[in-house]
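Visitor: Could you zoom in on one part of this protein and talk me through it slowly? I'd like to start at one loop and then see where it leads.

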Amino acid sequence: VTGQAFIALLPELISTGFLILVLMVGVYSDSNAGVAASLATIGTLAVFGSAAVLLATGFSGSYFGGGFVVDGFALYFKLIVAGSAFFAVLAAARWSGQTGDAPEYLTLILSVLLGSTLLVSMRDLFGIFLAIELATIPSYAMVAFDRSRRESAEGGMKYLITGVIASSVLLYGIVLIYGVSGSAMLQDVADTFSGTLTPVAVLGLVLMISGFAFKLSAAPFHFWTPDAYQGAPTSAAAFLSVGPKAATFAILLRILLEGMPDAAPTWTAVMAFLAIITMFVGNLFALRQRNVRRMLAYSSVAHSGYILAAFAAIQGGGVVFAVQAVLIYTAAYAVMNMGAFLVIDLVGEETKSYNGLVRRNPGVAASMALFMAALVGIPPLSGFFGKLWIIIAGAQSGSILVYIVVGALVVNTVISVPYYFGIIRNMILEEPTTETARAKGSGALRICVYVLAVLTTLFGLLIIPLSALVGASGLA
Amino acid sequence: VITTLIILIPLLGAILMLLLPDEERLLRYAALGISAVPLVLALYVYFAFRDDLGVAALSQDVTWIRSLNIGYRVGLGGLGFGMFFLSTFLTVIAVLASRDVQRNLKQYFAAIFVAEVGMLGVFAAQDLILFYVFFEITLIPMYLLVGVWGDENRRPAAIKFFIYTFFGSTVMLAGFLAFGILADTYAMNDLGGGGGLSRTAQIAVAAPILFGLLVKVPAVPLHSWLLDVYVSSPTSTNVLLSGVLPKLGTYGLIAVAVPLLPQGVEPFLPYVAAFGVINIIYGAFVAFLQPDLKALVAYSSIGTLGFILLGAASGNAVGLNGAVFQQVAHGLYSALLFILVGVIAARTGTRRISELGGLGARMPWAGGLLALGALAAMGLPGLAVFISEFMSIMGVYATFPVQGVLAALGIILSAMYLLYMLARVIFGPIERPAYEEIGDAGPAEMASVVPLAVLLVVLGVFPALLMSIQRPAVDAVITVIGGS
């Protein structure tokens, strides 16, 4: 291992180091919640910082025989994952302390972080599979971690079973692709996936995309999502729905663009259908929910659909914008969805507990209103820019099918207004009742919510320039 | 820079309102003071730069998203300045007329100021995406103003308003994006005359844009969100809701759709004119049947918006000048009527026309001003509305004679229902003994309506005050679209 490779692996090495430290705290000390939480906070910050420095210095290269690559694209997603892990740790600090198992829970967050940061740098199909498993297996435990609630165990179980099936489908697809191309490296796969595809190659591609669809909770493979997110501790649902998910979208994008660019007509069509089904399923089911967690779970299905719409637009003149759209949308979604989940931790998961919140707790209510409006896509909040880029990419793709996808996206945006605004209505227009939550939760959590609200509002000024920069230097 | 300053002051004002202590008198005076600042600055712009506003002066151009050529581009032009000024003016009036709002005053004023940011921004935007962003910024504060401070029917009304207009503007955004992508820029002054698009492309782009704008206006039959919202809102929200908000749509028509997509809107213009006629006639008929005074004013307001559509569709200088002028005149008279309805309802405890009567004897000032507003609405010469309605009809008659004749008939209909309303509300015997006791409008209420009435008269007698600013910009539009 050369010095260069050592620097390239810095974020991963740091998260491994802190993972071990936090675990050791759990083993050797009894009253340890505070120590573990501060270590985990520092750890996530250090990962974020190292990735930021690498990105700022323009570091790039490929190592270990080309299987591990560091470029602007990978570093950008490492920032998203580490940032969301940072907020998840802060959100989990007090709760996990009360369970008495803080170090274990925080270790799980750090290992998901490690898996996800590795994942976005992989260029080898088997490496990708291993990194996905490294990120997913701890997340089963995270979902089931809340032993005080039955739903947590139930959600964890469902997540585990569907997750294992998804992994085997994914692995089967990868093996078929490997069998056809004789190599698992993406650049070798690209040679095979050109011209007319053999039936085995198409089967491998479809199986692999299906496996990813499970992981990304795309319909019709989304059934685990509502139960898992409803049962999971809030910090787990918040983190899993944004961080690892962004990394999974990133690696799917890398596989498709680097590994099978010539097969684009096939996979964009698959993505178009997945996107349309996913958007409608997510939004229509979200409309009927009375539980905010469950509503946000279906909302996350819908947002997966929006991002898949960007994948469908990777053709014609839309390629550059579609890749940028994925970069922007995942960051925007991370900010606003993380914020919305953290508010659930502060307020509660029944829609009734939001009644009249603005009088009890104006700051939190205003932040939640911003997150909801951003999830709808009202300008100039974060979600608007994601949708803007997808529509632009779609309009430039020059494909009728993609135009239909974009039309479905516009229709779905309007369908989603009632359920997001239902929360705003409850908070602002209804009178407070006895069920209205008093302010609870730690000060740190509340500061996190405010920071995320500011990021959501100023997204257009802060993050758009960064992602446009990365998009220009990255894959496309 | 001064343009940006005027747009941002209300935003600072909104933040300031939220920080102030919760004391009613202080809040009302502070809100009045904050709302006066943009008005004073707008007046300064008028007197200092009235001769060189042209198409877009005092502009600022900062690149925002380079890869898409989207910029923060603002400037004040002759087409937008009238409404820009009116927005600052009506915000002051709305603050003055907010007596009926008692709960959560500071949040109320903050919401009004955020809405003002959006309104001012739309009339100053010189970039399509920025136009859309400001267009949507008005949405959430208006939703809150109706939803929190409206009457018992407010919640369904507010969400209906939101979904309708959000759908409309999303469709409009799709049109803007297609336009920008095809023309490779979103800067309005690079897009004049179609930005190099073919006629077919222009038509394809114009259709969604027109749809979104017509929902906002609203053109009948896209108006079904409107009545509940108008009737449920507090008076001061009505001032903005009827005075400024529809003009976001008509201004888009006049300053975006027509000059930037001349060939694209051309096939639609007869229908836009027809929508204008339908608005006028439908509004008049339905207003006639309303038992509720506020609903009557609401339909009257929809009706006279039709003249703006007519003028915008005419494609000649007379009609366009009329439409631009009518935007301002309509805002003045409908704000006046809505405030007076609020005053009357507060005194008598009812808005049902059948229960009112003979109020003129007890409320000579309020009654007289109501009569003035009604006369303005039916286009009495000497008042501002007359000039613009007349010009709109003249303009549209030259292009679409049938629509022009029908619109002129509509004026007669509106005279009928307005005079009938006056007869039942102001004149005649005093309907109920209780009305013997009521007093006239108080000083605060007078302060909110008299400036409106004065401006109606002043602009009616000296239309050149506004016409001289808008004429060069209208001429520029005519040059672009190749009309006369």
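## From a loop into the helices

Guide: Let's start at P220(A), which sits in the loop between helix 9 (199-215) and helix 10 of chain A. Keep in mind that this is a predicted model. The peptide bond leading from A219(A) into P220(A) is cis, with omega near 0 degrees. That's worth a pause, because most peptide bonds are trans.

Now go past helix 10 (224-231), and you reach A232(A) in the loop that leads to helix 11 of chain A. Is A232(A) buried or exposed? With a relative accessibility of 0%, A232(A) counts as buried, since the cut-off for that word is anything under 20%. Setting aside neighbours within four places in sequence, A232(A) touches V143(A), R149(A), A237(A) and R293(A). You can also look at F145(A): 87 residues separate it from A232(A) along the chain, yet their C-alpha atoms are 7.3 Å apart.

While you're in chain A, find the aromatic cluster in which ring pairs join Y140(A), Y159(A), W224(A), Y229(A) and F341(A).

Follow the chain into helix 11 (residues 234-259) of chain A, and you'll find helix 5 (residues 102-119) of chain A packed against it, at an angle of about 15 degrees and with the axes 9 Å apart. So helix 5 of chain A runs roughly parallel to helix 11 of chain A, because an angle under 35 degrees gets that label. The crossing of helix 5 of chain A with helix 11 of chain A is left-handed.

Who actually meets whom? From helix 5 of chain A come Y105(A), I109(A), V112(A), L113(A), S116(A) and L119(A), while the helix 11 side includes F239(A), L240(A), P244(A) and I251(A). Sorted by class, this contact has 11 nonpolar residues, three polar ones and no charged ones.

For a second helix pair, hop over to chain B. There, the axes of helix 5 (residues 128-137) and helix 6 (residues 139-149) of chain B come within 4 Å and cross at roughly 15 degrees. Again, that makes helix 5 of chain B roughly parallel to helix 6 of chain B. Here F135(B), E136(B) and I137(B) meet L139(B), I140(B) and P141(B), and the contact has five nonpolar, no polar and one charged residues.

Chain B has ring pairs to look at too, among the 39 aromatic pairs over all chains. Y108(B) and F109(B) have ring centres 6.0 Å apart and planes at 70 degrees, so this pair is edge-to-face. Both Y108(B) and F109(B) are buried. F131(B) and Y251(B), by contrast, are stacked, with 6.5 Å between centres and 25 degrees between planes. Because F131(B) belongs to helix 5 of chain B and Y251(B) to helix 11 (residues 245-260) of chain B, their pairing ties together parts 120 residues apart in sequence. F131(B) and Y251(B) are buried as well.

Back to backbone oddities, where we began. Another cis bond in chain A runs from P379(A) to P380(A), and P380(A) lies in the loop between helix 16 (362-376) and helix 17 (382-397) of chain A. Then there's F64(A), which isn't a glycine but has a positive phi of about 55 degrees. F64(A) sits in the loop between strand 1 (61-63) and strand 2 (68-70) of chain A. Its relative accessible area is 47%, so F64(A) is partly exposed.

Methods
Residues are numbered from 1 along each chain as its sequence is written. Chains are lettered from A and ligands numbered from 1 in the order in which they are written. This is a predicted model: local features need pLDDT of at least 70, side-chain atom pairs count only at pLDDT 80 or more; totals for chains, interfaces and linings use all residues. Side-chain values use heavy atoms; hydrogens and water are left out. Axes are lines fitted to C-alpha atoms, for helices over the stretch in contact, and angles run from 0 to 180 degrees between N-to-C directions. Helices (H or I, at least four residues) and strands (E, at least two) are DSSP runs, numbered from the N terminus. Angles under 35 degrees count as roughly parallel, over 145 as roughly antiparallel, 65 to 115 as roughly perpendicular and the rest as oblique. A crossing is left-handed if the near helix is turned anticlockwise from the far one by less than a right angle, and right-handed if clockwise. Contact means heavy atoms within 4.5 Å. Ala, Val, Leu, Ile, Met, Phe, Trp, Tyr, Cys and Pro count as nonpolar, Asp, Glu, Lys and Arg as charged, and the others, Gly among them, as polar. Rings of Phe, Tyr and Trp (its six-membered ring) pair if their centres lie within 6.5 Å; planes under 30 degrees apart count as stacked, over 60 as edge-to-face and the rest as tilted. Buried means under 20% relative accessible area, exposed over 50%, partly exposed in between (1.4 Å probe, protein chains only).
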